[in-house]
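This report sets out selected computed features of the structure shown below, taking the annotated regions of one chain before turning to a pocket and a single residue of another.

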Amino acid sequence: MRAWYPYPLFSIALFLMWLLLNQSMAPGAIVVGVFLSTLLAWVMVKLQPTQSRLRRLGLMAGFALAVAADIIRSNVAVAGIILRARRRPANTGFMTVDVDLENENALALLACILTATPGTAWLEYDRRQKSLLLHVLDIDNEDLWRRTVKRYEAGLKEILQ
Amino acid sequence: MNHLTDLPAWAAIIVCGLLLVGAAMTLVGSLGLLRLPSFYDRLHAPTIATSGGTILICLASMLCFAVLQSRWIFHELLIIFFVIVTTPVTLMLLGQAALYRDRVEDRRDVPRKPKPVAQPDAE
């Protein structure tokens with residue numbers, strides 16, 4: 001089984017994506033989906049991605065909910081900042097946070113989260129110093145952002161290994 | 001071809017609300033590009049459109065067509081997923097390019113590149 005499906009999660013995700021794109025559960029779509037997901041998983045072997053194991057699915061759900069809440073909150077906050085930008089210019093700035101993540105997948109996920117959250121932009125991660133350079137739209141709350149990133153870091157460490 | 005009138009009132013209200021808020025989010029994001037003063041500030045503006053705007057408009061589309069065709073529709077989730085996964089690539093590229101240029105031009109307000117740690121046992 002392992003030889004046929006080197007990345008089971010990836011294959012399942014591809015298969016589901018194929019069914020969603022086709023919007024059908026017809027036998028034809030399923031056969032082509034299984035074929036494609038098997039074939040593309042073999043192609044991935046050549047790319048040699050870092051493999052990580054997903055642990056604790058319950059934690060993942062909680063983490064996703066917390067992230068979604070943060071994204072909604074900062075959407076509203078940033079919209080406010082932009083609308084008020086004429087009268088009261090936003091106080092923006094750079095900040096560095098120490099992020100101790102070795103895992104490439106965890107780093108990629110953190111980048112997605114921080115970019116999807118309006119108000120924080122990922123600029124640079126230094127692998128040796130393990131420090132992340134962010135640009136923040138609302139530098140007055142620097143401590144809050146630092147704590148948020150730290151919380152994400154802890155969550156990602158627990159989920160991905 | 002105008003079967004949108006078949007949409008029941010409750011669904012129409014929710015779809016309208018989602019679409020309007022999503023469109024407003026996207027507009028605010030574009031407005032941010034005009035209003036914010038520096039390049040790094042402007043990096044933040046489009047992320048409102050890609051996160052809030054896209055998600056709300058896709059939810060509206062899901063709900064609208066799910067009610068019209070009376071079945072579950074999920075493939076808009078793929079749009080949300082791919083937009084969220086691919087925006088960091090562009091944003092990081094732009095951010096790094098700006099950072100690199102500003103460092104080469106020796107601008108004061110941009111943080112220096114961190115000094116590499118001395119590694120005595122590297123060689």
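For chain B, an unreviewed UniProt entry lists residues 12-36, 48-68 and 74-99 under "transmembrane region". These ranges come from the record, whereas the geometry discussed here was computed on a predicted model. For two of the listed spans, the helix and strand content and the separation of the end C-alpha atoms are set out in the table.

| Span of chain B | Helix | Strand | Distance between end C-alpha atoms |
|---|---|---|---|
| residues 48-68 | 100% | 0% | 29 Å |
| residues 74-99 | 92% | 0% | 39 Å |

Taken as a whole, chain B has 3 helices and 0 strands, and its elements follow the order α-α-α when read from the N terminus. Of the 123 residues in chain B, 33% are buried, and the accessible surface of this chain amounts to about 7,800 Å², with carbon and sulfur atoms accounting for 71% of that area. When the contacts within chain B are restricted to residues at least 6 apart in sequence, 61% of them join residues that are at least 24 apart.

The second largest pocket has a volume of about 310 Å³. Among the 19 residues that line this pocket, A:Arg73, A:Ser74, A:Leu144, A:Trp145 and A:Thr148 are the closest to its centre. The elements that contribute two or more residues to the lining are α3 (57-83) and α5 (142-159), both of chain A. Sorted by class, the lining of the second largest pocket comprises 8 nonpolar, 6 polar and 5 charged residues.

Elsewhere in chain A, A:Arg127 is found in the loop that lies between β2 (120-126) and β3 (131-136). Is A:Arg127 buried, partly exposed or exposed? With a relative accessible area of 48%, A:Arg127 counts as partly exposed, because that class covers values between the 20% limit for buried residues and the 50% limit for exposed ones. Which residues does A:Arg127 touch, once residues up to four places away in sequence are left out? On that basis, A:Arg127 touches A:Glu102, A:Glu104 and A:Leu107. One of these partners, A:Glu102, is 25 residues from A:Arg127 along the chain, and the C-alpha atoms of the two are separated by 8.3 Å.

Methods. Residues are numbered from 1 along each chain as its sequence is written. Chains are lettered from A and ligands numbered from 1 in the order in which they are written. This is a predicted model: local features need pLDDT of at least 70, side-chain atom pairs count only at pLDDT 80 or more; totals for chains, interfaces and linings use all residues. Side-chain values use heavy atoms; hydrogens and water are left out. On a 1 Å grid over the protein atoms alone, a cavity is a set of points where a 1.4 Å probe fits but cannot get out, and a pocket is an open set with protein on both sides within 12 Å along at least five of seven lines; lining residues have an atom within 4 Å of a point. Grid points are joined across faces, edges and corners, and a volume is the space filled by probe spheres set on the points. Helices (H or I, at least four residues) and strands (E, at least two) are DSSP runs, numbered from the N terminus. Ala, Val, Leu, Ile, Met, Phe, Trp, Tyr, Cys and Pro count as nonpolar, Asp, Glu, Lys and Arg as charged, and the others, Gly among them, as polar. UniProt positions are given in the numbering used here, feature names are shortened, and annotations may be inferred rather than shown by experiment. Buried means under 20% relative accessible area, exposed over 50%, partly exposed in between (1.4 Å probe, protein chains only). Contact means heavy atoms within 4.5 Å. Accessible areas come from the Shrake-Rupley method with a 1.4 Å probe; for residues, only the protein chains shown count as cover.
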